[in-house]
Amino acid sequence: KPLPATSTDMVAAMSESRASGDAHRRNGGAAAAPAAAATSAKGGSKKAAPPFCRLVTGDELGLIRVVEVPAGPKWEAAEVVGRWGVPSRTNAVVAMAVDAGSPTGDALIAVARHNGSVELMSSTDGTAVATLPPAPASSRGAGAASQPSPVCAICFVPQTTAGDTPEGSDGCAAAAAPRPQLGSLVSCTTSGLVRVHARAHSADAADMWSELRSFQACSSAACMAVDHSGRYVAVGGDGCNVSVWDLLSGTAVWKAKGNKPNMVGLVDLPHITALAFLPPDLKPDQAAAARGSASVSEAAAGGDDGKALALTLIAGTAKHKLWLYKTAVGRRPQLDIAWGKARVTALSAASPGRVWAANGTGTMEALDVATQATGHGLRGAGGSVRALAAHPAHPTLLASAGLDRFVRVHDTVSRRCLAKVYLKQQLTSVAFVPVPVLPDADQGASGDVEGAVEGAVAEANASCEAEALAAGGLEKACEEGRRERASGKRSKSRHAKDGEAELPTKKAKKTKTSRKQHAS
C-alpha cells in the first residue's frame, strides 16, 4: 500500500538528512567536530597522534627504511613511512648504531657502509650530518692491493644521567671520572683497527667529527661490543679470541684463552661472530658504593682502584657455540654451550640473566645464565637473522631483521610476533630510534580554537536533533503502513482458514475408506 503524501515528503527530507549524517559519522560524529574546528582555526591539517615506536633498517642496497607503529599500539598497522638513500651495492649497510641521548627525539644514526665510510644522519628526516672517511688501507704483504678496510661493527658510547656527567667545559673525561667523551662513536674495521670519533664542540664546526684515538686490537675482527659504562670494548674475529680493551688508554686489559686441547692435543682456532656485554647485576652494597662514583656500570666493572675487572660478556662462534666469560673469574669460558646447527649471527642482552641469540637458520632463543639452558624460542624468521635490537624503554620488545626481507617485532614474554613488515631487500641491520616530539600548539590561538570548537559542537548537536526528528516521523509513517497491511493480511488469512478447515477431515475419511476396501 503506498504511503501517504506527507510520508513521501518526509522520506525525501530524511534522505538528505541521512546523506549529511553519513558524512558526519565518517568524520567521527559530534566528537570529531571539535577536532576539525580546531584544525581549521589553526589553519593547518589535522595533527595525528605520535607513533608508539619507530624503527630504522639497513639493507644490502644501502637503503635506510623507517617503519612506524601507530599509537595504541596498533601493531597490525605497522608500515614503512620513509626511505632514505640511493640503491647501490657498493654502499651496502654493514652495521648501524643509534645515539638515543637527545630528549627531543632528534637522535643521530650512524651507518657503516661497505666501502668503509661511516655516515651520520638525523633520525627525524634522514638529513646528512657528517661523513667519516674510511680507515687507512691495510696491506697484508708485499704487492697486496691497498684497499680501505670495511667497518664490521659500530657503536655509540652510552649516555649517562646529568649527575653522572664529568665536570669540564669540553665534556671530555676527567681524571676523577675517567670515561670517553659522551656521544663518542666507536668503530672497528675487519683488519682489527678500533677508532674513536667525537663531535667538535666549537661554534664554527658544529657538525665536524674528529678522531680522538685509534689502536690495533687484533689482526682480523668480525664483531665488537661496548660495555654499559662506555669505557671498555670487546673485539673478536676469525682466529682471534675475545679481548677487552680500554678506550681511554688503548691498551688491552683482558684476553681470553682458548679451549683445552682435545685427546690428540689439538686446539680449534676460535672464530668469534657475535659479542654482547651483560648489564651489571648490582647488589645492595655495590649500589650504595656506586652513588659517589662516576657511573653505576663503572662501579660494577671496577678496574680503576686496583680491583679486578668484573665484566660479564657472551660470545657466539661460527661453530654454533655460546661462550660466557666472567673477567673476574678467569680467562677461559665459564659456560660452553653447543646451540643450534648454524653460526651465531646476533646477540642481544637486555637483562643481567638473559641473552637473546640468533643464528643462520632463523632460530631465535634465550639463554638463561642461571639455569644454563636455552629455550623460549621466537618463531617466524624464514632465513638467517642478521641483527637483533631491544627497545630501550620496553625491554620486552625485540626487533629482528634478516635475509628473509622481513622486519619483525616480538614480545619476549608471550613469544608472539606483534608486527611483521616486508621490506623488499635483504636486511642487514635494525635499530629502534626515538619518536620525534611534536611541537606544542600556539598559545595565541587558544581563544579562536575554543570558539570554533563551541560552534562546531552546537552545529553537530543541531544536525543530530534534526536527524532524530526526521527519523522519528519516518518511523511513525512506516509503522502505520505496516499496521494497515498486517490487518489486511490477517483478514484474508482468517477467511481462507475458515473455508479450508473441513478439507483435511474429508480427505482423511476418504483415505481411510479406500484403505478398508483395498484390504477387503
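In this short talk I will walk through some side-chain pairings, a pair of strands and one loop residue in the structure shown above.

Before I start, please keep in mind that this is a predicted model, in which local features need pLDDT of at least 70 and side-chain atom pairs count only at pLDDT 80 or more, while totals for chains, interfaces and linings use all residues. Residues are numbered from 1 along each chain as its sequence is written, and side-chain values use heavy atoms, with hydrogens and water left out.

Let me begin with the aromatic rings. A pair of aromatic rings is described by the distance of the centres and the angle of the planes. The rule used here takes the rings of Phe, Tyr and Trp (for Trp, its six-membered ring) and pairs them if their centres lie within 6.5 Å, calling planes under 30 degrees apart stacked, those over 60 edge-to-face and the rest tilted. By this rule there are four aromatic pairs, and one of them is formed by F52 and W75, which meet edge-to-face with 5.5 Å from centre to centre and 75° between the planes. This pair links distant parts of the chain, since F52 sits in the loop between α2 (29-42) and β1 (53-59) and W75 in the loop between β2 (64-69) and β3 (79-84), 23 residues apart. The names of these elements come from DSSP runs, numbered from the N terminus, where helices are H or I runs of at least four residues and strands are E runs of at least two.

How covered are these two rings? For accessibility, buried means under 20% relative accessible area, exposed means over 50%, and partly exposed is in between, with a 1.4 Å probe and protein chains only. On that scale F52 is partly exposed, at a relative accessible area of 28%, whereas W75 counts as buried, at 12%.

A second edge-to-face pair joins W254 and Y325, with 5.5 Å centre to centre and 70° between the planes. Here, too, distant parts of the chain are linked, with W254 in strand β15 (residues 252-255) and Y325 in strand β18 (residues 321-326), 71 residues apart. Both W254 and Y325 are buried.

Now to the charged side chains. A salt bridge is a side-chain nitrogen of Lys or Arg within 4 Å of a carboxyl oxygen of Asp or Glu, and a search of the whole structure finds seven of them. One is between R54 and E68, whose closest N and O atoms are 2.3 Å apart. Because R54 lies in strand β1 and E68 in strand β2, this pair ties together parts that are 14 residues apart in sequence. R54 is buried, at 6% relative accessibility, and E68 is buried as well, at 19%.

Another salt bridge brings together E119 and R113, at 3.2 Å from N to O; E119 is partly exposed, with a relative accessible area of 25%, while R113 counts as buried at 5%. A further one joins E211 and R195, at 3.9 Å. E211 is in strand β11 (residues 209-216) and R195 in strand β10 (residues 193-199), so this bridge ties together parts that are 16 residues apart in sequence. Of these two, E211 is partly exposed at 38%, and R195 is buried at 3%.

Next, please look at D246, which is found in strand β14 (residues 240-246) and is buried, with a relative accessible area of 6%. Setting aside neighbours within four places in sequence, D246 is in contact (heavy atoms within 4.5 Å) with F215, R231, Y232, T251 and V253.

What about strand pairing? Two strands pair if DSSP finds at least two bridges between them, and strand β16 (residues 272-277) pairs with strand β17 (residues 312-317) in the antiparallel sense over five bridges. Within this pairing, A274 stands opposite G316 in β17. β16 is mostly covered, as six of its six residues are buried.

I will finish with a loop residue, A328, which is placed between β18 and β19 (335-338). A328 is partly exposed, with a relative accessible area of 48%. Which residues does A328 touch, not counting those up to four places away in sequence? They are L309 and A310, and the C-alpha atoms of A328 and L309, 19 residues apart along the chain, are separated by 5.7 Å.
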